[in-house]
Amino acid sequence: MAVVAADEAPVPGALRTVEVTVPATSANLGPGFDTLGLALSIYDTLTVSSFADDRLEIDVEGSGAEEIPTDASNLVVRSIAHVFTDVGRALPGLRISARNGVPHGRGLGSSGAAVTAGVLAAKGLLAGEVEIDDAALLRLATELEGHPDNVAPALFGGLTIAWTGESGPQHKKLLVHRGVAPLVLVPGFTMSTSLARSLQPHQVPREDAVFNVSRSALLVAALMQSPELLLDATDDRLHQDYRGAAMPETLRLVQALRRAGFAAVVSGAGPSVLVLADGPGGRQAAVDLADGVTDTPWVGHMLAVDVRGGTVRARAEGST
Ligand code: HSE
């Protein structure tokens with residue numbers, strides 16, 4: 001995440017311009033509720049310029065463009081402002097141009113991507129004046145997102161284990177076995193994360209807790225070394241069934257895929273379905289199966305694991 005100079009022309013009047021790229025993410029991965037996350041090769045790309053005045057200009061293209069606010073309530077703006085406040089700097093005028101590839105409201109980390117884009121943009125706009133390290137980026141992003149399992153892979157790429165320790169949110173990045181081939185099946189409807197969370201009980205039977213502890217430990221091994229174990233390793237008893245009442249088609253598709261031998265899980269809080277195939281060849285069969293399971297059409301995206309995570313680079317500096 002180094003801020004590097006690039007060749008593009010300066011933006012007239014801008015103090016700084018940075019370009020930010022952030023991957024989609026899939027959180028939970030079945031048993032790893034609020035803990036595991038995977039960065040995926042769909043991206044939001046933003047150009048953010050700072051100005052000496054107090055302007056705020058936002059344009060959005062792509063996913064969610066119709067509903068994303070273009071005022072100070074915009075999540076990217078709030079995230080930039082959060083960083084400037086944290087380091088004791090006044091927020092400059094901003095122009096933000098976003099090209100969103102990450103589907104909105106589909107369990108693919110769109111809000112985590114917006115938060116990550118904001119904190120990375122702020123890092124780039126402050127570079128040379130205030131240094132913001134990886135730990136601070138994760139802390140700031142988690143303060144905004146509420147849990148670190150989407151923002152950790154969005155920031156750092158790969159497979160991440162995220163937890164909150166004595167000194168705040170932490171992460172460990174791991175590299176995924178190259179045989180693992182992600183497929184995301186995205187429906188036309190959306191799901192609210194807060195609704196999904198409200199459907200879960202505060203207490204679970206001990207045997208269900210043990211079930212998830214064993215599967216999430218196994219999942220790390222399966223993703224790194226032993227993709228043939230992915231079906232067993234992606235089973236869950238903590239969240240998916242409880243949330244299924246609010247997204248029955250998603251649960252039905254996950255169950256049908258699992259019965260057919262695919263390691264399918266609800267992606268994040270849903271409603272998309274993530275399939276972790278143990279080779280690229282298996283994915284078309286999962287797409288074909290999805291066509292017949294529900295009345296809802298599912299759009300299949302055959303993806304790669306993003307290993308780089310979010311990036312920010314300076315496009316122009318010091319032009320007036
Ligand atoms: N771990 C989170 C959840 C991810 O499932 O609620 C979605 O933000």
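How are α9 and α10 oriented to each other? Let's start there this morning, and please keep in mind that we are looking at a predicted model.

Helix α9 covers residues 248-259 and helix α10 covers residues 283-293. Their axes come within 10 Å and cross at roughly 130°. Angles over 145 degrees would count as roughly antiparallel and 65 to 115 as roughly perpendicular, so α9 and α10 are oblique to each other. The crossing itself is right-handed. On the α9 side, the contact is made by Arg-252, Leu-253, Ala-256 and Leu-257. From α10, Ala-286, Leu-289, Ala-290 and Val-293 come to meet them. Sorted by class, that contact has seven nonpolar residues, one charged residue and no polar ones.

Now let's step back to the whole chain. It is divided into domain 1, made of 3-172 + 306-315, and domain 2, which is 180-302. If you are following along on the structure, the C-alpha centres of these two domains lie 26 Å apart. Where they touch, 21 residues of domain 1 are in contact with 33 residues of domain 2. About 1,900 Å² is buried between the domains, and carbon and sulfur atoms give 65% of that area. Which residues of domain 1 lose the most area to domain 2? Those are Pro-31, Phe-33 and Arg-106, and together they account for 33% of what the domain 1 side buries.

Next, please find helix α1, residues 75-86, because I'd like to show you two of its neighbours.

The first neighbour on my list is helix α2, residues 110-126. The axes of α1 and α2 come within 7 Å and cross at roughly 45°, and the two helices are therefore oblique to each other. α1 passes α2 in a right-handed crossing. In α1, the residues involved are Leu-75, Val-76, Ser-79, Ile-80, Val-83 and Phe-84. The α2 residues they meet include Ala-114, Val-115, Gly-118, Val-119 and Ala-122. By class, we get twelve nonpolar residues, three polar and no charged.

The other neighbour is helix α3, residues 134-145. Here α1 and α3 pack at an angle of about 125°, with their axes 10 Å apart. These two are therefore oblique as well, and α1 passes α3 in a right-handed crossing. Arg-78, Ser-79, His-82, Val-83 and Asp-86 are the α1 residues in this contact, and Arg-139, Leu-140, Glu-143 and Leu-144 are those of α3. How many charged residues does the contact of α1 with α3 have? It has four, along with three nonpolar and two polar residues.

Before we finish, here are two backbone details to look up when you are back at your screens.

One is a cis peptide bond, running from Gly-270 to Pro-271, with omega near 10°. Pro-271 is found in the loop between β8 (264-266) and β9 (273-277).

The other is Leu-29, which has phi near 55°, a positive value in a residue other than glycine. Leu-29 is also in a loop, the one between β1 (16-27) and β2 (36-51).

To recap, we met a right-handed crossing of α9 and α10, an area of about 1,900 Å² buried between domain 1 and domain 2, and a cis bond leading into Pro-271. Thanks for listening, everyone!

Key. Residues numbered from 1 in each chain as written. Predicted model: local features only at pLDDT ≥ 70, side-chain atom pairs only at ≥ 80, totals over all residues. Heavy atoms only, no water. Axes fitted to C-alpha atoms, helices over the stretch in contact; angles between N-to-C directions. Helix = DSSP H or I, 4+ residues; strand = E, 2+ residues; numbered from the N terminus. Parallel < 35°, antiparallel > 145°, perpendicular 65-115°, else oblique. Left-handed = near helix turned anticlockwise from the far one by under 90°. Contact = heavy atoms within 4.5 Å. Nonpolar A, V, L, I, M, F, W, Y, C, P; charged D, E, K, R; others polar. Domains from an automatic or database assignment. Buried area = accessible area lost by both parts, 1.4 Å probe.
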